[in-house]
Amino acid sequence: MNEVQAILNALSGLRIGPQPEEYEIHDAVARALDAAGIAYVHECRLLPGRRIDFACGSVGVEVKKGRPDGRRLREQLQRYLEQTQLTAMIVVLQRPCHLPESICGKPVHVVALNRLWGVALH
């Protein structure tokens, strides 16, 4: 199993209530990664002014509460994926927004928490 798939599998079991604070989502992601034995750095500094929520080896994990502005999120992900140390990005969203399948030629995967509730609440 590759690095991205292992992280996606770990995050697929996340169960978070419909009104979490962002720190609660961070805690749940950390617990899921720990349970799967996946090493990570929380609040990893890529460059000055560029800090990603989680770096799991060469895979970045970014957490967003609510439904983020798609354009702003794509711009943020592009700044992260321009860095050579990242080869892929996983975005954990409370409510999904449209993102391209790749940015800077690197894959982008979305874990939509509301879909994990069993009912998609848009």
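Where is Glu-43 found? Select Glu-43 and you land in strand β1. Phi of this residue is near 55°, a positive value in a residue that isn't glycine. Most residues other than glycine have a negative phi. As for the surface, Glu-43 counts as partly exposed, at 32% relative accessibility. Keep in mind throughout that you're looking at a predicted model.

**Colour by confidence**

Switch to pLDDT colouring next. The mean over the protein is 88, and 92% of residues reach 70 or more. Strand β5 comes out highest, at 96, while helix α4 (residues 113-116) is lowest, at a mean of 70. Now pick residues 118-122: pLDDT is below 50 here, and beyond near neighbours in sequence the stretch makes eight contacts in the model.

**The sheet**

Show the strands as a cartoon and hide the rest. You should see an open sheet of six strands in the order β1-β2-β3-β4-β6-β5, with mixed pairing. Start at the edges: β1 (41-47) and β5 each have a single partner strand, so one side of each is left without a neighbour in the sheet.

Move inward to β3 and β4, which run parallel and are joined by six bridges. Label Val-61 and look across to Ile-90 in β4, which stands opposite. On to β4 and β6 (residues 106-112): this pair is parallel too, over five bridges. Here Met-89 faces Val-108 in β6 as its opposite number.

The pairing of β5 (residues 102-103) with β6 is antiparallel, with two bridges. Ser-102 stands opposite Pro-107 in β6.

**The hairpin and its cysteine**

Zoom in on the turn between those last two strands. β5 and β6 make a hairpin with two residues between them. Select Cys-104, in the loop joining β5 to β6. Its phi is positive, about 55°, although Cys-104 is not a glycine. Is Cys-104 buried, partly exposed or exposed? At 41% relative accessibility, it counts as partly exposed.

Now show all the cysteine sulfurs. The structure holds zero disulfides. Cys-44 is in none, and the nearest cysteine sulfur, that of Cys-56, is 9.7 Å away. Cys-44 is also buried, with a relative accessible area of 16%. Why is Cys-104 without a bond to Cys-97? Its sulfur is 17 Å from the one in Cys-97, the closest cysteine sulfur, and that's too far for a bond.

**Helix α2**

Turn to residues 22-35. Helix α2 has 14 residues and reaches 20 Å from first C-alpha to last, close to the 20 Å expected at 1.5 Å a residue. Colour by accessibility and you'll find several buried positions, among them Ile-25, Ala-28, Val-29 and Leu-33. For contrast, click Ala-35, also in α2: at 72% relative accessibility, Ala-35 counts as exposed. Draw a distance from its C-alpha to that of Ala-10 and you get 7.8 Å, for two residues 25 apart along the chain. Just after the helix, Gly-37 takes a positive phi of about 70°.

**Two cores**

Bring up the nonpolar side chains. The largest nonpolar core has 24 residues, and Ile-7, Leu-11, Val-29, Val-61, Ile-90 and Val-92 have the most contacts inside it. At least two residues apiece come from α1 (3-11), α2, β2 (50-56), β3 (59-64) and β4. Helix α2 gives the most to this core, with six residues.

To get a feel for the packing, centre on Ile-7. Leaving aside neighbours within four places in sequence, Ile-7 is in contact with Leu-33, Ile-38, Cys-56, Val-59, Val-61 and Ile-90. There's also a second, separate core of 16 residues, which includes Met-89, Val-91, Ile-103 and Val-108.

**Last stop: a glutamine in a loop**

Finish at Gln-83, in the loop between α3 (70-81) and β4 (88-93). Is Gln-83 buried or exposed? Gln-83 is buried, because its relative accessible area is 9%, below the 20% cut-off. Show what surrounds Gln-83: apart from its neighbours within four places in sequence, the contacts are Leu-46, Leu-47, Arg-50 and Lys-106.

Definitions and conventions
Residues are numbered from 1 along each chain as its sequence is written. This is a predicted model: local features need pLDDT of at least 70, side-chain atom pairs count only at pLDDT 80 or more; totals for chains, interfaces and linings use all residues. Side-chain values use heavy atoms; hydrogens and water are left out. Helices (H or I, at least four residues) and strands (E, at least two) are DSSP runs, numbered from the N terminus. Buried means under 20% relative accessible area, exposed over 50%, partly exposed in between (1.4 Å probe, protein chains only). Contact means heavy atoms within 4.5 Å. The expected span of a helix is 1.5 Å times one less than its number of residues. Two strands pair if DSSP finds at least two bridges between them. pLDDT is the predictor's confidence in each residue, from 0 to 100. A disulfide is a pair of cysteine sulfur atoms within 2.5 Å. A nonpolar core is a set of buried Ala, Val, Leu, Ile, Met, Phe, Trp, Tyr and Cys residues joined through side-chain atoms within 4.5 Å.
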